[in-house]
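The following paragraphs lead through one protein chain, beginning with a meeting of two of its parts and ending at a single residue. Please keep the structure in view while reading.

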Amino acid sequence: MKLSVIGTGYVGLVAAAVFADYGNDVLCADIDAGKIDSIKAGKLPIFEPGLEPLVEHNIQAGRLRFTTSNAEAAVHGDVIFLAVGTPTAADGSADLSYLYQAASEIGRHITRPTIIVDKSTVPVGTAERIARIVGEQTRVPFTVVSNPEFLKEGAAVDDFMHPDRVIVGTDDPHAREVLHRLYQPFCRTSDRILFMDARSAELTKYACNAYLAARISFMNDMANLADALGADVELVRRGMGSDPRIGNKFLYPGVGYGGSCFPKDIRALLTTAREFGHSLEIVASAERINEAQKLVIVRKLRQRLGSDLAGKTFTVWGLSFKPNTDDVREAPALKIVRTLVGDGARLRLHDPEAGKNFIANLSPHVAASCTLAADPYDAAEGAHALILATEWREYRSPDFERLKRIMAGTHLFDGRNQWDRQHVEALGFEYAGIGR
């Protein structure tokens, strides 16, 4: 098919590359000329495992092209995917201005019957609003479809190629047939394409993220209780996860969730609920618990080392909000570092991919108290304590004997429960995990 994708973020760039890899003729557009020039030069604006060679291969094959013109993309595609950002506005709602701007441009330039697919995460009713905006600009027949994404950063390419489900929100028979044909190659072993109305599709995306966030916050709440009771939340987690009614996914306690999806989507969902006079108490509690959980390591550190942290040096391993991404949006490490610098401490930081993005998200005052190291052991040199904030693979089995030699202190704060407490304590470390 001839496809256009508006947006080159995590969703748009992955969708464009994978659709092209499956034989489609894809034109990907972004109004940010710097991004497009960078992609054409072989440097992607995001880090996502497996994406760079996929983009390069399909550019060379002639199936994937890039432009800064949404008008050109509108003319090219029989199916046009909207994958632009919907950031959080000041009032907590989703800012849809970029989406509506793209929809208006599409409406002005489509020349033949077109299927417009909203792949951005949006409040319920957005597909109808997009249809009105496009309809104000054209008399050419078109259909607006809701097709929310369910990609995990760090595994987005594989998730797109092997989806758990594909949700398509439309009542139009032709659009259903086209989208089924487009996605069928990804679902050959079983038909996991679910059709529903657009409003239900939009709510499904928010409901999924809210439920997963609530599971994480529930386990963090249990972990804090386990600390108070002297129980081990890791054993509790295994006991819970062995119940098939519960399962073991998203039951891992830690220092809270971050990223571009959960925090933003939960705020937008809560805003939508308030607009319709409904209070989502469980979702609201999940958000409150998560924000408090981002400082659980700081509270433990103050308990162990005292409230006066001025002049002390701490190391943070892991700055991205999760492994296998350079995305630091709402990363727990941001709150940890800002708080410790506010206490007068100096920070030595390391992350395999997200270091530069992390420093760029700090104020000049906070950044001045931070040193970004190229090697995790260089970051740990002379530290009074080591904090694990993100469970990158290379941190899971470090050389603890080497750490013991180079650190000035003996405190390990395991924010992701990755390390064997008995092993590190036998080496002379003082260990503190989450709920352990």
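Between them, domain 1 and domain 3 bury about 620 Å² in this predicted model. Carbon and sulfur atoms account for 45% of that area. On the side of domain 1, Tyr 10, Phe 47 and Glu 153 provide 78% of the area buried against domain 3, more than any other three residues. The contact involves 7 residues of domain 1 and 10 residues of domain 3. The C-alpha centres of these two domains are 38 Å apart.

The two domains belong to a division of the chain into three: domain 1 covers residues 2-196, domain 2 covers 206-292, and domain 3 covers 294-432. A UniProt record, an unreviewed entry, also marks residues 315-421 with the feature "domain: UDP-glucose/GDP-mannose dehydrogenase C-terminal". In the model, 32% of the span 315-421 is helix and 18% is strand. The C-alpha atoms at the two ends of this span lie 19 Å apart.

The next topic is the pockets. The largest pocket has a volume of about 1400 Å³. It is lined by 41 residues, and those closest to its centre are Lys 152, Ile 216, Phe 250, Lys 322 and Glu 391. Two elements, helix 9 (198-229) and helix 10 (233-241), give two or more residues to this lining. Helix 9 contributes the most, with 5 residues. Sorted by class, the lining of the largest pocket has 15 nonpolar, 11 polar and 15 charged residues.

The second largest pocket has a volume of about 1000 Å³. Its lining is made of 45 residues, with Gly 9, Val 84, Gly 85, Thr 86 and Arg 329 nearest the centre. At least two lining residues come from each of helix 1 (10-21), helix 5 (97-109) and helix 11 (262-275). The lining of the second largest pocket divides into 17 nonpolar, 14 polar and 14 charged residues.

A single residue completes the walk. Ala 367 sits in helix 16, which spans residues 364-367. Which residues does Ala 367 contact, leaving aside its neighbours within four places in sequence? They are Ile 359 and Leu 362. Val 316 is 51 residues away from Ala 367 in sequence, and the C-alpha atoms of the two are 14 Å apart in space.

Note on methods: Residues numbered from 1 in each chain as written. Predicted model: local features only at pLDDT ≥ 70, side-chain atom pairs only at ≥ 80, totals over all residues. Heavy atoms only, no water. UniProt positions renumbered as here; feature names shortened; annotations may be inferred. Helix = DSSP H or I, 4+ residues; strand = E, 2+ residues; numbered from the N terminus. 1 Å grid on protein atoms, 1.4 Å probe; cavity = no way out; pocket = protein on both sides within 12 Å on 5 of 7 lines; lining within 4 Å. Points joined across faces, edges and corners; volume = space filled by probe spheres on them. Nonpolar A, V, L, I, M, F, W, Y, C, P; charged D, E, K, R; others polar. Contact = heavy atoms within 4.5 Å. Domains from an automatic or database assignment. Buried area = accessible area lost by both parts, 1.4 Å probe.
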